[in-house]
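Biologist: Before we begin, may I ask you to show the model, so that we can discuss it step by step?

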Amino acid sequence: MNYFILTYVIYLLVSIALTVWVARVLFKNGRIFLVDIFHGNNELADSVNKLLVVGFYLINIGYMSLALKEYSAIGSMQVVVEVLSYKVGWIILILGGMHFLNLVIFFKLRNRAKRETAFNINV
């Protein structure tokens, strides 16, 4: 079997599986923050949550596509594992970075929403 094809197939399967798993976790658990941020407006929270997941998929699948091409020779299973560890490692770092970026944004929006609520109560 061609080592390039093997590398590409494994890379895509692992990367897509990781992306789908992280997106589902973010979608499920991010909803709670969005409902709080939007003061119980479930419809708006769900809509924003879906838009965030679409953007998440677009960025990650776009990067996966750009990173798919391998320019060095892949002549053995050892090189397959090394190339995969490098490529999948980058995907994991990007997914982790996007996860923490989402958390930071959610917390900032939540804090701002709480300040606005407190301000409206005091006025």
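**Salt bridges, a cavity and a surface patch**

Modeller: Glu 70 forms a salt bridge with Lys 87, and the closest N and O atoms are 3.5 Å apart. Please keep in mind that this is a predicted model.

Biologist: How many residues apart in sequence are the parts that Glu 70 and Lys 87 tie together?

Modeller: Glu 70 belongs to the loop between H2 and H3, whereas Lys 87 belongs to helix H3. The pair therefore ties together parts whose separation in sequence is 17 residues.

Biologist: Is Lys 87 buried or exposed?

Modeller: A residue counts as buried when its relative accessible area is under 20%. Its partner Glu 70 meets this condition at 14%. Lys 87 has a relative accessibility of 8%, so Lys 87 counts as buried.

Biologist: Which residue forms a salt bridge with Arg 31?

Modeller: A search of the whole structure finds two salt bridges. In the one that involves Arg 31, the closest N and O atoms are 2.5 Å apart. The pair links distant parts of the chain, 15 residues apart, with Arg 31 in helix H1 and its partner in helix H2. That partner is Asp 46.

Biologist: What is the relative accessible area of Asp 46?

Modeller: Partly exposed residues lie between the cut-offs of 20% and 50%. Arg 31 falls in this range at 30%. Asp 46 is also partly exposed, because its relative accessible area is 22%.

Biologist: Let us turn to the interior. How much space lies in the largest cavity?

Modeller: Rolling a probe the size of a water molecule over the atoms shows where empty space is left. A search of the whole structure finds one cavity of 30 Å³ or more. The space in the largest cavity is about 70 Å³.

Biologist: Which helix supplies the largest share of the lining of the largest cavity?

Modeller: The lining residues include Phe 27, Phe 56 and Phe 106. By class, the lining has seven nonpolar, two polar and no charged residues. H1, helix H2 (42-67) and helix H3 (77-122) each supply at least two of the lining residues. The largest share, four residues, comes from H2.

Biologist: Finally, what is the accessible area of the nonpolar patch formed by Ile 5, Val 9 and Leu 13?

Modeller: One member of this surface patch, Val 9, lies in helix H1 (residues 3-37). Val 9 has a relative accessible area of 42%, so Val 9 is partly exposed. Together, Ile 5, Val 9 and Leu 13 have an accessible area of about 270 Å².

Note on methods
Residues numbered from 1 in each chain as written. Predicted model: local features only at pLDDT ≥ 70, side-chain atom pairs only at ≥ 80, totals over all residues. Heavy atoms only, no water. Patch = residues over 30% accessible without salt bridge, like charges linked within 9 Å, V, L, I, M, F, W, Y side chains within 5 Å. Areas by Shrake-Rupley, 256 points an atom, 1.4 Å probe, with all protein chains shown as cover. Salt bridge = Lys/Arg side-chain N within 4 Å of Asp/Glu carboxyl O. Buried < 20%, exposed > 50% of the residue type's maximum accessible area, 1.4 Å probe, protein only. 1 Å grid on protein atoms, 1.4 Å probe; cavity = no way out; pocket = protein on both sides within 12 Å on 5 of 7 lines; lining within 4 Å. Points joined across faces, edges and corners; volume = space filled by probe spheres on them. Nonpolar A, V, L, I, M, F, W, Y, C, P; charged D, E, K, R; others polar.
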